[in-house]
Each structure stands twice: as structure tokens, then as C-alpha cells.
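Thanks for coming, everyone. Let me put the structure on the screen, and then we go straight in.

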Amino acid sequence: MAWTQGEGRWEMIPSAFDEAGGPIFAHPALRLRLFGGLEVEGRGRPLPELARQPRTGALLAFLALHPFRAFSRSALAETLWPDLAPEQAQGALRAALYRLRRLFRGLRFPLRVDRARIAFAPSTPWWTDVHAFAGLLQRARGAPPLQARAALEAAVALYTGDLLPDWEAPWVVGWRQALRAQFLEALVRLWRLAEEIGDLPEAERWAERLFQEEPTRVEVARFLIRRAEARGDPEAARRIGQRYQWACRSQGVPLDPDVAFEPPWRIRPPALLGRLLQALETLAWEAPAFPVEPLRQALLEGLVQTAEEALARGAYREAAPWAVAALALLTPHTPVEWAWRARCAVDAVADFEGDRARQAANLRAMLRLARRMGDPTRRAEVVARLGYLELQRGRPAAAERLLAAAEAALPLDPLRRALLRRLRGLTALRRGWFPAACAYLQAALAQLPEDAPAVHRAATLNGLAVALRHLGDYPGALRSLETAWALLEEDERCGLLGVLIRGNRTLFRGWAEGPSPAWEEEIEALYRRAEEERDLDAALWMAAGAARIYLRNGDPAACARWIDRLKTLWPIAGDGFEGPRAALVLALAARARGAVAEARRWGRRALQGSRRWGRDDIRLLAMALRRRWTPAARSEAERLLMRVGWEAWRIFWEETPFLEPPAWMDPLSGALTAAPPPAFRCPPTDTAAPRSGWAG
């Protein structure tokens with residue numbers, strides 16, 4: 001085949017691959033990997049600069065996804081840089097072409113360029129993982145079962161991650177979603193093929209892989225529960241049901257009651273109340289002259305008061321139907337104070353139920369009400385709750401924007417300003433920006449009035465202790481926790497904040513003093529409590545911390561016990577906030593045992609989870625497992641290091657003595673550059689960057 005252009009002919013060299021998706025040619029002149037990130041090799045020579053130059057890499061990647069297809073310069077510029085003006089986009093295209101020619105100096109340039117059109121048309125053998133993946137899927141269609149199975153297994157092996165995960169251009173997102181859908185469909189076909197030919201262990205293996213990738217698939221959860229029950233393993237069936245529940249709740253997917261163990265409680269107003277509301281609506285429709293509004297308002301007040309009385313007793317389930325019914329009575333004519341009280345009750349109920357979607361919609365309505373009321377204090381409270389909710393949903397950047405805008409725009413009293421500053425510090429802490437978190441939390445402590453509730457000071461000290469621990473100040477962290485513990489009342493010590501402070505104090509003492517019999521007993525009790533209360537993130541956090549402490553102190557038997565617990569919890573809670581930390585600890589343990597392949601697998605999971613949750617500290621530490629540092633990886637590590645803090649990086653190497661530091665830096669002396677990188681610069685402490693509850 002050939003494509004005629006002008007007086008010459010551009011010969012089409014196909015992207016040929018073998019049965020496993022590898023190139024037929026022993027050494028193809030050009031290899032492009034797009035799954036998991038852009039990697040380009042020309043005649044065996046890597047070109048890492050393309051990953052560090054997004055515009056240049058985007059040009060090559062986009063054209064490689066459309067081989068031997070000519071694009072006009074204007075269309076290409078508009079597709080790749082839609083946010084630029086046409087003249088600027090054309091300039092960016094010319095600059096990208098110039099840089100590509102320089103990078104391919106000494107190699108055959110894979111693009112064909114004339115004054116009007118550009119195409120990816122290599123004149124030498126080439127290979128891309130995306131085209132090999134698509135070809136294998138095509139080969140599997142209509143093939144006999146065993147041949148289809150082999151082709152699908154090869155295709156799944158090529159999918160090492162989402163397409164160009166660090167790029168968010170519109171054209172990338174579309175390709176990424178389509179290829180991920182094909183990957184999931186390949187897993188479904190592998191599962192079904194193995195089931196059809198009677199290979200149930202293999203079918204279960206592919207179903208588990210599919211469930212790992214997409215835990216909200218009800219048919220996969222049912223199959224895995226049936227297999228666990230057939231093996232006589234009710235505990236595994238329970239874990240699968242729990243993970244299905246957790247994934248559906250976190251993603252807002254309706255639950256199937258046949259799969260969910262202990263199905264979530266659904267809020268339903270009493271049937272008689274529903275008939276009464278319907279009667280009011282019918283009356284308003286059929287008798288417009290009748291004064292229905294006073295009846296509706298009186299009913300609303302009764303429902304809100306009933307819900308508030310139940311909430312005051314801590315009876316959230318009793319309050320739920322009345323609060324939800326009150327929402328149905330809200331109209332544009334409802335007095336704002338009663339609308340506010342009704343929505344406050346619904347917020348408490350939705351928070352108890354874990355219904356994040358309903359809570360977010362309700363909080364936005366509360367924010368509009370606070371604007372109508374002209375009350376900056378209430379606006380600040382709603383913004384803080386919205387920011388915390390965004391953190392729970394894994395959106396720290398959105399939480400930071402909300403909190404920063406509120407702190408800059410609202411006239412607040414010292415207490416509210418200190419609380420917003422604390423939330424910004426805890427958001428920075430959740431992202432792993434420890435120097436910034438330390439500065440924000442110290443500023444929040446300084447701004448708290450003397451008569452502020454002790455719980456606010458205790459929550460701020462708890463967050464500050466976590467930042468200090470990661471910066472290597474163990475004595476300062478323990479002192480902060482002791483002070484926070486002393487500030488709590490007896491009943492508060494049994495609440496969420498008290499459990500957090502106690503857990504931090506136990507783990508930090510283990511880091512500072514090493515394990516002891518008393519310490520082992522206390523950490524075991526905390527872990528058991530988290531399991532009993534089904535607080536899976538807390539259980540992962542305890543198990544990961546204990547495993548790393550034993551790993552540091554060279555106790556393989558005790559470490560293996562906690563590693564087994566981490567592996568048991570991972571299928572249930574690995575997608576949660578503490579999942580990346582658990583994957584990192586599992587990778588470190590595998591590296592300590594010399595299991596390089598297993599360490600690499602867990603390291604990839606830690607990287608994927610850290611990107612999803614915005615955890616720069618875990619991302620940086622997962623990168624530390626690399627044996628070969630490319631210039632692109634080193635540049636990324638240096639950028640992350642500026643945010644996470646040099647001290648946190650140094651402490652990691654001190655706490656992981658079995659891991660060799662990269663050849664390009666000395667973590668103890670700071671020889672990354674001429675001097676250690678400066679700490680992440682925070683805004684001045686008199687202005688206000690996000691995790692903890694509004695009241696602790």
C-alpha cells in the first residue's frame with residue numbers, strides 16, 4: 001500500500017505484531033508506548049524528553065494514534081491546543097515540529113510534513129502498544145474460544161495503565177475512556193470464556209481482576225460471592241459484599257440488595273405522611289383559593305422540630321424520615337430560617353448515612369440560603385463543610401479553592417478564620433504538603449481565641465502532630481498529641497477525634513521508641529476496634545503503620561503478620577484514601593524480601609491511587625522504588641519534592657534502611673542540587689492552602 005503525495009510516494013509500513021502483541025521485528029526502528037505514560041524509543045534509544053514536553057509529545061502521540069492519516073495544519077492545531085487563539089496554536093504547532101525534528105536527529109523522522117498537511121507515516125518498521133492492543137482485540141472477535149482467549153490475554157497484558165494518564169486534553173480523555181472500556185470488555189470476555197469452557201479457577205481469577213478494576217459491577221460481585229460460598233469461605237464472601245457496598249456508595253451507584261451484605265438503610269418517610277403531602281398538593285391544585293401555604297408551613301415546622309429532637313438525642317435513623325419529608329415541603333416562599341433548619345437536619349442525616357451525593361447537593365442549597373440571609377458566619381460554615389466533603393470524595397484541589405475563596409472574601413471573626421485556616425492546613429496535609437500544612441496549622445493555633453472550644457485546639461494540634469512527624473520531629477509531634485489529649489473531656493476521648501489522637505500517639509511512639517510488648521498490645525486493640533466499627537480506612541492506616549515500623553526494626557515475622565492483614569483488607573478498601581499508603585507498604589515489604597516483580601506491581605498501584613487522591617507524598621515515595629531513574633522521573637521527583645518537603649524525603653530514607661537511595665542524590669546530605677531544595681512556600685500567615693471535620 002502507498003499514499004501518493006506530490007511527486008513522491010510515502011510507503012506505508014504496517015505496525016506489525018506477533019501473537020503476544022510484541023513487534024514482529026526484533027528491533028523495530030520506532031516503538032511508542034502510550035498506556036501508563038508516553039515512552040518512545042528510536043532504534044533502541046529512549047527519548048524521555050517527549051514525556052517532559054507535553055506539547056511536543058502530544059503532537060507525536062495524537063498523530064501516532066491516527067497513522068497514515070493526513071491532517072491539515074489548522075485542524076491539527078485546533079485539536080491539540082483548543083485553548084489558544086488560532087495564530088498562537090499555529091505557532092505552538094510549528095514549535096512542536098521543530099522540537100520533534102531536533103529530538104529525532106540521527107533517526108528517521110516518522111512524520112511527513114508539507115506546507116498544508118502533516119501525517120504520521122514512518123518509512124521504517126514501527127510499533128505502538130495501542131495498535132497492538134486493538135489488533136489483538138480484533139483477532140479475538142470471531143475466533144475459536146482457545147485462540148480468542150490467548151489473544152485477549154495478550155491484549156490485557158499490554159494494558160499497563162490508562163492512556164497517557166497525566167494528560168487531560170479533550171482528545172486524550174476521549175481515547176482514554178474508549179480504550180479503558182475495551183480493556184474492561186476484554187476482561188469480561190476472558191471471564192466468560194473461562195466459565196464457558198469450565199475452568200472455574202481461571203474464571204474466578206479474571207473476575208477478581210475485573211472486580212478490582214470496576215467494583216460496582218453487580219454480576220461480577222454475585223459470581224465471586226457464589227464462588228466464595230462454594231469454597232465454604234463466608235468471610236471472603238462478606239469482604240466482597242462490603243467492598244461492593246463501599247464502591248457503590250463512594251461513586252453514587254445504586255446498590256443491589258441481593259449483593260450488599262447488611263444493605264444500607266434507605267430513608268423512607270412514613271406512608272401516612274406521604275399521603276398527607278400528596279393530599280396537600282392535590283388540594284393546592286384543585287382549590288387554588290384555599291390557603292394551603294399556612295398548612296404546609298405548619299407541617300414543615302412540625303417535621304423539622306421532630307427531626308431536631310431526634311438528632312439532639314443522637315437518633316439519626318429516627319430523624320431521617322422526618323428530615324427528608326421536610327425537604328419535600330420547601331418552596332420559594334418558605335421562610336429562610338426554617339429552610340435553613342430543614343437543610344441542616346438533612347445534612348446531619350446524609351452525613352450519617354454516607355450519602356455524599358445528597359450531602360453535596362444539600363450543602364450547595366445551604367450555601368445559596370446563606371447568601372440570601374447575608375450571614376458570613378453561616379456561609380463560612382457551609383464552605384468548610386463543602387471543603388471537607390470534597391476531601392472525602394478525593395478532590396483536594398477543589399477543597400483548596402473553596403476554602404481559599406471563602407477566607408479571602410468573607411468578613412470573619414477570629415474563630416471562624418482560624419477554623420478555615422485549620423482546614424486549609426489539613427487539606428495540605430492530606431495532599432502530603434507537609435511544610436505548608438505545618439505553617440497553616442501553626443497559624444491556626446495562633447489565631448484561635450482564648451475562649452475557643454477546646455476541641456478546636458485539640459483537632460489543630462492533632463493535624464500539626466502529623467505534619468511534624470513526617471518532617472522528622474518525633475518529640476514535637478508527641479508533645480502536640482499529649483497536649484491535645486489533655487484538652488479533651490472524658491466523653492470526647494471516646495469520639496472520632498479522641499480515637500484519631502490515640503491512634504496517632506500510639507503509632508508515633510512506635511516510630512520514635514520502637515515496638516514493645518505494651519505497644520504491640522495497644523496497636524492490636526486499636527486495629528481490632530477499627531475492624532469492629534468497619535472503619536476500613538483506619539484499619540488500613542493502623543496495619544500499614546505497624547508493618548512499616550516492624551519493617552524498619554527488622555522483625556520479619558511480625559511484619560508478615562501485618563502484611564497479611566493489609567492484603568486481606570486490600571480487595572475491600574484498596575480504592576479508599578488509605579489504599580495508596582497500603583500499596584506502598586506492600587511494595588516496600590516485597591522489595592525487602594527481594595520480590596522485585598511484586599514490588600513493581602504494588603508500586604504501580606500506589607502511584608495510580610496517589611494520583612487519584614492527590615497524594616503527592618505517596619506518589620513521591622512510590623517513585624523511590626525505581627531502580628532506573630530516567631531524566632523525566634527525576635524531574636517529576638524534584639517537582640514533588642518542592643511540595644512534600646526535603647525533610648520528609650530525608651526521613652523516608654532514614655526509616656527505610658534496606659532501600660538504596662537514587663544515584664543522583666544523597667538523602668542525608670541534601671546533594672540533590674548545590675543545596676537542599678527550599679521548603680514549599682506558603683502564603684503569608686495573615687492571609688489564607690486542606691482534612692478534618694468542621695468541629696474536629
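Start with the buried face of α15. The buried residues there are Gln359, Ala360, Asn362, Leu363, Ala365, Met366, Leu367, Leu369 and Ala370. What covers them? The cover includes α13 (316–328), α14 (336–353) and α16 (376–392). Keep in mind that this is a predicted model.

Now the length of that helix. α15 runs over residues 356–373, which is 18 residues. At 1.5 Å a residue, the helix should span 26 Å. The C-alpha atoms at its ends are 25 Å apart, so expectation and model agree. After α15 comes glycine 374, with a positive phi near 65°.

Next, α26, residues 579–593. How far should its 15 residues span, at 1.5 Å a residue? The answer is 21 Å, and the end C-alpha atoms are 21 Å apart, which agrees. This helix is mostly covered, with 13 of its 15 residues buried. Just after α26 sits glycine 594, and its phi is positive, about 90°.

Stay on α26 and look at alanine 592, which lies in that helix. Its relative accessibility is 40%, so alanine 592 counts as partly exposed. Buried would require under 20%, and exposed over 50%. What does alanine 592 touch, leaving aside residues up to four places away in sequence? It touches Leu551 and Phe658. There is also threonine 656, which is 64 residues from alanine 592 in sequence. In space, the two are 9.4 Å apart, C-alpha to C-alpha.

On to the aromatics. The structure holds 17 aromatic pairs. Take tryptophan 649 and phenylalanine 652: their ring centres are 6.5 Å apart and their planes are at 25°, so this pair is stacked. Both residues are in helix α30, residues 646–655. They are three residues apart, which means a separation of about one helical turn. Tryptophan 649 and phenylalanine 652 are buried.

Tryptophan 649 has another partner, tryptophan 653. Stacked or edge-to-face? The centres of these two rings are 5.5 Å apart and the planes are at 85°, so the pair is edge-to-face. Tryptophan 653 also lies in α30, four residues from tryptophan 649, about one turn of the helix. Both tryptophans are buried.

Elsewhere, Phe35, Phe133, Tyr159 and Phe183 form one aromatic cluster.

Two arginines also deserve a look. Arginine 205 has its charged end over the ring of tryptophan 206, 4.4 Å from the ring centre. Arginine 505 places its charged end over the ring of tryptophan 485, 4.8 Å from the centre.

Now the strands. One open sheet has three strands in the order β6-β8-β7, and the pairing is antiparallel. Which strands are at the edges? They are β6 (71–72) and β7 (111–113), and each pairs on one side only.

Here are the pairings. β6 and β8 (residues 117–120) are joined by two bridges. Phenylalanine 71 has isoleucine 118 of β8 as its bridge partner. Serine 72 has arginine 117 of β8. On the other pairing, three bridges join β7 to β8, and these strands run antiparallel. There, arginine 112 is matched with alanine 119 of β8. A hairpin of three residues connects β7 to β8.

Does a general rule apply to such strands? In a regular strand, side chains alternate between the two faces of the sheet. Keep that in mind while you look at the screen.

Last, β3 and its partners. Strand β3 (residues 30–33) joins strand β4 (residues 39–42) by four bridges, running antiparallel. Arginine 31 has glutamate 41 of β4 as its bridge partner. The hairpin of β3 and β4 has five residues between the strands, and in it glycine 36 takes a positive phi near 85°.

What is the sense of the pairing between β3 and β9 (residues 126–128)? It is parallel, over three bridges. In that pairing, leucine 30 stands opposite tryptophan 126 of β9.

That is the tour. Questions, please.

Conventions: Residues numbered from 1 in each chain as written. Predicted model: local features only at pLDDT ≥ 70, side-chain atom pairs only at ≥ 80, totals over all residues. Heavy atoms only, no water. Expected span 1.5 Å × (residues − 1). Buried < 20%, exposed > 50% of the residue type's maximum accessible area, 1.4 Å probe, protein only. Contact = heavy atoms within 4.5 Å. Phe/Tyr/Trp six-rings, centres within 6.5 Å; stacked < 30°, edge-to-face > 60°. Lys NZ or Arg CZ within 6 Å of the ring centre and 35° of its normal. Pairing = 2+ DSSP bridges.
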